[in-house]
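This report looks at charged side chains that pair with each other. The sequence and structure come first, and the notes on individual pairs follow.

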Amino acid sequence: MTIKVKAVIGSTSSNSFNNKVVDFMKKRYANKLDIIPVFINDVENFSQDIEENPPVNAQKFKDEVKDSDAVLFAVPEFNFSIPGRLKNAIDWLSRGGDLTLKDKPGFIVGASPGVLGSVRAQQHLREILSNPALSPILLPNNEVYIGAVHEKLNESGEITDKGTIEFLDTVVDNFVDFYNNIKSTEPVKA
């Protein structure tokens, strides 16, 4: 059985390195994970004035993320943090009372041309996701920081760096085990 994973692409760039990483993962791990990218480009700005009746694209985003077994966040780093559009999309996930991410297994990857590979953005993202209205169950101790990503991709956008591929293989295997452990301890629904 493959795990249905919605991958929230944290960049709106048409040439996003993080989208390329997710695309690589989608192909490489298709026998384990059914990775479906979810884009934030058209998600309307959050406002408390409309949170109980979200606009079309915000509701579509929430529904897409909710319709999954797990969630993957692919996050770039802008000015030492997550992009504003990603924060806006996450704000929609935290509101409206439906607890879209609550207790949903998840993990984070991040790629950047810089050497730190989105480490600061991921720290901020983990802090944001710790909000009780969000609270996914994140895979611990498997941080994926792909630094100098532009040197690790070929012209087709595929990762070619052996060390990065081996590390991703390990993280995905760890996530599958993590997911299965969570699901094996859940009470059976009547």
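## A pair within one helix

In this predicted model, glutamate 166 and lysine 162 form a salt bridge, with an N to O distance of 3.8 Å. Both residues belong to helix H5, and because they are four residues apart there, about one helical turn separates them.

Lysine 162 is exposed, its relative accessible area being 61%. Glutamate 166, at 42%, is partly exposed.

## A pair between two helices

Another salt bridge joins the side chains of arginine 28 and aspartate 169, at 2.8 Å from N to O. This pair connects distant parts of the chain: arginine 28 lies in helix H1 (residues 17–28) and aspartate 169 in helix H5 (residues 162–185), 141 residues apart. Arginine 28 is partly exposed, with a relative accessibility of 40%.

## A pair between a strand and a loop

Lysine 4 and aspartate 67 also make a salt bridge, and their closest N and O atoms are 2.9 Å apart. Here too, distant parts of the chain are linked, with the two positions 63 residues apart: lysine 4 is in strand S1 (residues 3–9), while aspartate 67 sits in the loop between helix H2 (56–66) and strand S3 (70–74).

Lysine 4 has a relative accessible area of 25% and is partly exposed. Aspartate 67 is likewise partly exposed, with a value of 44%.

## The total

How many salt bridges does the structure hold? There are twelve, and the pairs described above are among them. In general, side chains of opposite charge can pair when their charged atoms come close.

Definitions and conventions. Residues numbered from 1 in each chain as written. Predicted model: local features only at pLDDT ≥ 70, side-chain atom pairs only at ≥ 80, totals over all residues. Heavy atoms only, no water. Salt bridge = Lys/Arg side-chain N within 4 Å of Asp/Glu carboxyl O. Buried < 20%, exposed > 50% of the residue type's maximum accessible area, 1.4 Å probe, protein only.
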